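User: I am learning how the terms used for protein structures are justified, and I would like to go through one example with you, step by step.

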There are 2 protein chains.
Amino acid sequence: MQIAIVLFDRFTALDAVGPYETLGRLPDAETVFVAEHTGPVRNESGNLALTADRTLAEVPHPDIVVVPGGPGQTPQMDNPVLLDWLRAADATSTWTTSVCTGSLLLAAAGLLGGRRATSHWLALDHLERFGAEPTGERVVFDGKYVTAAGVSSGIDMGLALLGRIAGDEHAQAVQLLTEYDPQPPYDAGSPQKAPAHLVAEFRAKSRFIME
Amino acid sequence: MQIAIVLFDRFTALDAVGPYETLGRLPDAETVFVAEHTGPVRNESGNLALTADRTLAEVPHPDIVVVPGGPGQTPQMDNPVLLDWLRAADATSTWTTSVCTGSLLLAAAGLLGGRRATSHWLALDHLERFGAEPTGERVVFDGKYVTAAGVSSGIDMGLALLGRIAGDEHAQAVQLLTEYDPQPPYDAGSPQKAPAHLVAEFRAKSRFIME
């Protein structure tokens with residue numbers, strides 16, 4: 001089984017590494033980081049680079065597609081190379097997945113029409129433009145499409161999908177090995193739980209950026 | 001403020017990226033990935049590479065040192081280049097931190113003598129060899145030393161340390177932006193919670209590898 005994790009300029013690192021470190025521990029699977037060009041791909045801060053070992057063209061038929069998000073997702077919405085690859089890869093994939101605003105790329109490729117899906121809480125409404133049905137859940141399964149909410153949610157998605165494919169016990173073993181027993185020092189990880197003024201500030205900034 | 005995240009061959013990616021994505025969002029901080037040599041550094045699976053942008057020698061006085069773990073930690077325990085750098089960097093650092101078996105490297109450098117510290121649950125006992133006091137807590141502060149348990153715990157550490165430095169509200173904003181509202185599909189993230197036979201299997205394998 002082959003897992004392709006897509007990279008693009010100004011992606012968010014944890015979006016990619018969360019599923020990598022969980023789903024990527026699928027037995028007998030090959031995980032490959034892919035991008036339009038091989039070589040280092042910089043995240044939105046520019047101070048982190050993950051290497052794309054293969055081009056998109058070199059990995060046409062992965063069994064599992066993982067698309068992270070990040071500020072760099074916006075220009076990719078008009079990139080025919082990526083969108084064509086997503087459509088072609090999806091035609092033969094077993095699972096097509098995303099983290100954060102990666103779901104907007106799946107949606108822009110026309111893959112989420114009529115499907116329940118999620119995204120970063122700041123981007124959730126944008127899914128509707130493409131005919132998807134946004135839901136505030138952290139991980140959403142709809143057929144072979146699995147979408148996760150913002151950034152860190154890819155860890156939960158990776159474990160959930162690992163459980164579906166390899167069984168609960170294997171997923172539990174990976175949770176134990178990665179010591180995923182979260183104890184956040186605050187309870188501010190969603191717009192429902194965070195201080196209201198922080199939510200409002202981010203919504204205001206986001207409108208300025210995205211519209 | 002400068003944050004140096006140390007890379008070495010066969011590190012574990014999430015150990016580094018968890019603190020990166022949280023603590024790295026400290027206002028006005030520069031985060032730099034450092035290693036003995038610049039260029040791509042491969043993790044334990046070989047299919048992920050993060051770029052070290054600067055050599056250890058080029059970053060002698062970071063304000064915050066972050067040392068990840070991973071299977072590649074073992075050979076580093078005898079690497080004078082890394083251990084000397086850790087001692088020198090620690091002499092002027094404001095915070096010296098680790099994730100997973102990174103704490104064994106801090107301990108081997110002689111930095112954790114008499115200090116309470118944690119590590120991956122499979123490596124916890126090894127801290128005692130170096131005069132540290134192991135504790136099963138997920139994130140341990142002892143003076144300027146902050147150690148985190150296995151792999152994913154670096155996210156909790158990053159947020160906790162961010163709160164100490166930049167204030168609770170900034171840390172909550174980062175938690176909200178990274179949507180860190182964990183909902184693991186299983187409750188098997190620690191040896192106390194996971195199925196006992198999985199814990200026993202890992203302990204048996206670990207003894208074989210580490211002793």
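Analyst: Let us begin where the two chains meet, keeping in mind that this is a predicted model: between chain A and chain B the count is 6 salt bridges.

User: What makes the meeting of E44(A) and R25(B) a salt bridge?

Analyst: The side chains of E44(A) and R25(B) are 3.7 Å apart, N to O, and the cut-off for a salt bridge is 4 Å between such a nitrogen and a carboxyl oxygen, so the pair qualifies.

User: How many residues are in contact between the chains, and what area is buried there?

Analyst: In chain A, 63 residues are in contact with 63 residues of chain B, and the area buried between the two chains is about 5500 Å², with carbon and sulfur atoms giving 57% of that area. L176(A), E179(A) and Y186(A) supply 15% of what chain A buries against chain B, which is more than any other three residues. L176(A) is also one of the buried residues of helix α6 (residues 168-177) of chain A, while E179(A), just after α6(A), takes a positive phi of about 45 degrees.

User: Why are C100(A) and C100(B) called buried?

Analyst: The relative accessible area of C100(A) is 4%, and C100(B) likewise has 4% relative accessibility; because the word buried applies under 20%, each of these cysteines counts as buried. A separate search, for disulfides, finds 0 over all chains of the whole structure.

User: What makes W121(A) and F202(A) an edge-to-face aromatic pair?

Analyst: The whole structure holds 6 aromatic pairs over all chains. In the pair of W121(A) and F202(A), the rings are 6.5 Å apart, centre to centre, with 80 degrees between their planes; since pairing requires centres within 6.5 Å and edge-to-face requires planes over 60 degrees apart, both conditions are met, and therefore the name fits. W121(A) lies in the loop between β8 (116-117) and β9 (133-134) of chain A, whereas F202(A) belongs to helix α7 (residues 196-210) of chain A, so the pair ties together parts that are 81 residues apart in sequence. Both W121(A) and F202(A) are buried.

User: How do you know that the charged end of R164(A) sits over the ring of F141(A)?

Analyst: The charged end of R164(A) is 3.8 Å from the centre of the F141(A) ring, and this distance falls within the 6 Å cut-off; the charge must also lie within 35 degrees of the ring normal, and R164(A) is listed as sitting over the ring. In chain B, R164(B) lies over the face of F141(B), at 3.8 Å from the ring centre.

Terms used: Residues numbered from 1 in each chain as written. Chains lettered and ligands numbered in written order. Predicted model: local features only at pLDDT ≥ 70, side-chain atom pairs only at ≥ 80, totals over all residues. Heavy atoms only, no water. Disulfide = S-S within 2.5 Å. Buried < 20%, exposed > 50% of the residue type's maximum accessible area, 1.4 Å probe, protein only. Phe/Tyr/Trp six-rings, centres within 6.5 Å; stacked < 30°, edge-to-face > 60°. Helix = DSSP H or I, 4+ residues; strand = E, 2+ residues; numbered from the N terminus. Contact = heavy atoms within 4.5 Å. Buried area = accessible area lost by both parts, 1.4 Å probe.
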